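Hello,

Here is the structure I promised to pass on to you. Have a look at it first, and then read my notes below.

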Amino acid sequence: MADKNLEAISRGQWLREEFPVAGCVTVVVGNGAEPVAAAFGFDLESPRPVDRGNIDDQAVGVATAVTADGAPAVVVSEDNGFEGSRTLVLGPASRGGRAASIYWNVNEMVVFSCARNGRVLFSDEVAFIDDVRELPKPLRPLAALAADEELDLDWVAVGAAMVEVFTDVRLEPEHVSPDTVYALTPQVDRPPVQTLDNALLASQHGPLVQKIGELSTDHRRALVHTIAGLAAERADVSEAPGVSDLLASVTASSAGTVNPRFETIRRAWEKESHRLDDRWSDAQNTGDDPPSKEERRRANARRWAGLVLAYACDPDDLSAALGSVFWAAPIFRADQLQREFFGMVRQLARTAPAGWREIVETLPPAPTGADRQRAAEAEVAARARQAAEEEEAWIWGGYKPTQRMKDAAGPHRALRAGDGPTLERLSRLPDDVLVRVAGWAALRTLEEGGLLDRSWLRAEVAALRTMSDGRLPAIPRAAADHRLGELWRDLAADPDLVLPTYVDADGDRVSKAHAALPVITVVRADHPLALACSAVEDAHWTFGPGFPAFVAELWERFERSS
């Protein structure tokens, strides 16, 4: 039996590749295409060509299949969709037969659902089935295999095998690769009912929940009408597709009507909000740029407003009032107005609707679109400044440089990263003294490397002696770089050269001669402080553990003379 189930799982390995971001595949047996279309919310009379280059999460593909004994079946595929996993859809699709779906997303959520004769039997994540007895009996061995960590199975393939076993339809690539798709209008689902016993609002606002429970139906309807309008305005969605019609249907005495356009955009708001939340979470681990606070505020406000408006259409006036107040609160909290919002709601609950206008007007008006844009731009600018400051702190080893240091230090990372105080003291010396420092430090570095008396370095040593007297030699940068290449060959070919060494902090042996030779290119620098930095940096690598003594000698010689 185990081998048979593993074979079924292996047959589904291809499915994830068809929809790598997210997908849902539903198989219906015993119901025709038209009832399935009605259950999902798409029109079989309005096909359109597939756009292979783009994900279309508001359309479905439809294919026909057969069971092992030849019974007809309908396969519905969704690229980045999940309608087939919804109880509201799968139950009606299974009337007169059976249906099963597998849904997965980019976060490794993999959900298997199945239904028979209009009743959903099971819907849960494949990887977290606590009690396999909740599953139809033929599926339990597959759930056990999914739970075996040693097997490391692809949960989408396990779900595909569950669909196959439940419907007796073996999925093939052609079932989910249609040439045409059908526009989807999501089925409207009523939000979870809120009561005095389970109200989400009760944990922090119990007295307010009790007060709302004591209000008349008309008072609660008027409250919902007001809250819905305020939430839509502050979230800047009043004119969004489907929202204006919904708001017009919500009155001070009756529930509104959810329309398909609103349900479609509400789902889009939810996806965008969750996408930004995922981006923010990922950024905490990867160091990538997170979405801005304003991006997240705008996306979350729209999602919360969608929930407020959904509750405004709830036929249960108590559930509508409790739900709309609960989901409107975070919209105002994002603008630092949570206390004012709940103060207003309490006053509305104590006052007859005829006197509400002045109460509502106590709330500060919602920021304009221009205000929001300026806030977003200010946040981006602040983030850029913070990033620049953090980069500077990293470059300079946490040391705060003066502008003169930044202008002159150039690529001298050794000083920037590890010896800020030395660089600061150098920066206080006059320009003529810095030139002398550069020449003296370069000569001391060559001496420490055992190179000062080498005949093949005679011209370079003479130039550095000129610098130590406070004069700049006329040696072009390019010539210095070219000459260094020749000198490396001379160093390697010198038979009499003794290579002094030291052991660095990592336990590696360093040749002082090789560390010292690049100091002859000190003339590349075009700023007196940069000249000195370049020479002292090469001394840093050449002297190794003896560098502090070198620095002490430098200050003794030049700080007094300056």
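**Starting with Glu-125**

Glu-125 is partly exposed, because its relative accessible area is 22% and buried would mean under 20%. Before I go on, please keep in mind that this is a predicted model. Glu-125 sits in strand β7, which covers residues 119–125. Which residues does Glu-125 touch, leaving aside its neighbours within four places in sequence? They are Met-109, Val-110 and Val-111. You can also look for Phe-112: this residue is 13 places from Glu-125 along the chain, and the two C-alpha atoms are separated by 6.3 Å.

**A second residue to find: Ala-387**

Now please go to helix α15, residues 369–395, where you will find Ala-387. Is Ala-387 buried, partly exposed or exposed? Ala-387 counts as partly exposed because its relative accessible area is 42%, and that class lies between under 20% for buried and over 50% for exposed. If you want a distance to try in your viewer, take Ala-387 and Asp-432: they are 45 residues apart along the chain, and their C-alpha atoms are separated by 36 Å.

**Strand β8 and its partners**

Next, have a look at strand β8, residues 180–184, which runs antiparallel to strand β2, residues 42–49. How many bridges join β2 to β8? There are 4, and one pair of bridge partners is Pro-47 with Tyr-182 of β8. Strand β3, residues 59–66, also pairs with β8 in the antiparallel sense, here over 2 bridges. Val-60 has Tyr-182 of β8 as its bridge partner. Tyr-182 is therefore a good residue to click on, as it is the bridge partner of Pro-47 and of Val-60, with bridges being what strand pairing is judged by.

**The whole chain**

Stepping back, the protein chain has 24 helices and 10 strands. Its C-alpha atoms fill a box of roughly 100 × 70 × 45 Å along the principal axes. The radius of gyration is 37 Å, whereas a compact globule of 562 residues would have one near 24 Å. Of the 562 residues, 46% are buried. The accessible surface comes to about 27600 Å², and carbon and sulfur atoms account for 50% of that. Among contacts between residues at least 6 apart in sequence, 69% join residues at least 24 apart. Finally, the chain carries 61 positive and 86 negative charges, and the mean positions of the two sets are 5 Å apart.

Enjoy exploring, and send me any questions.

Best wishes

Key: Residues are numbered from 1 along each chain as its sequence is written. This is a predicted model: local features need pLDDT of at least 70, side-chain atom pairs count only at pLDDT 80 or more; totals for chains, interfaces and linings use all residues. Side-chain values use heavy atoms; hydrogens and water are left out. The radius of gyration is taken over C-alpha atoms; the globule rule is 2.2 Å times the number of residues to the power 0.38. Buried means under 20% relative accessible area, exposed over 50%, partly exposed in between (1.4 Å probe, protein chains only). Contact means heavy atoms within 4.5 Å. Accessible areas come from the Shrake-Rupley method with a 1.4 Å probe; for residues, only the protein chains shown count as cover. Lys and Arg count as positive and Asp and Glu as negative; His and the chain ends are not counted. The place of a charge is taken as NZ of Lys, CZ of Arg, CG of Asp or CD of Glu.
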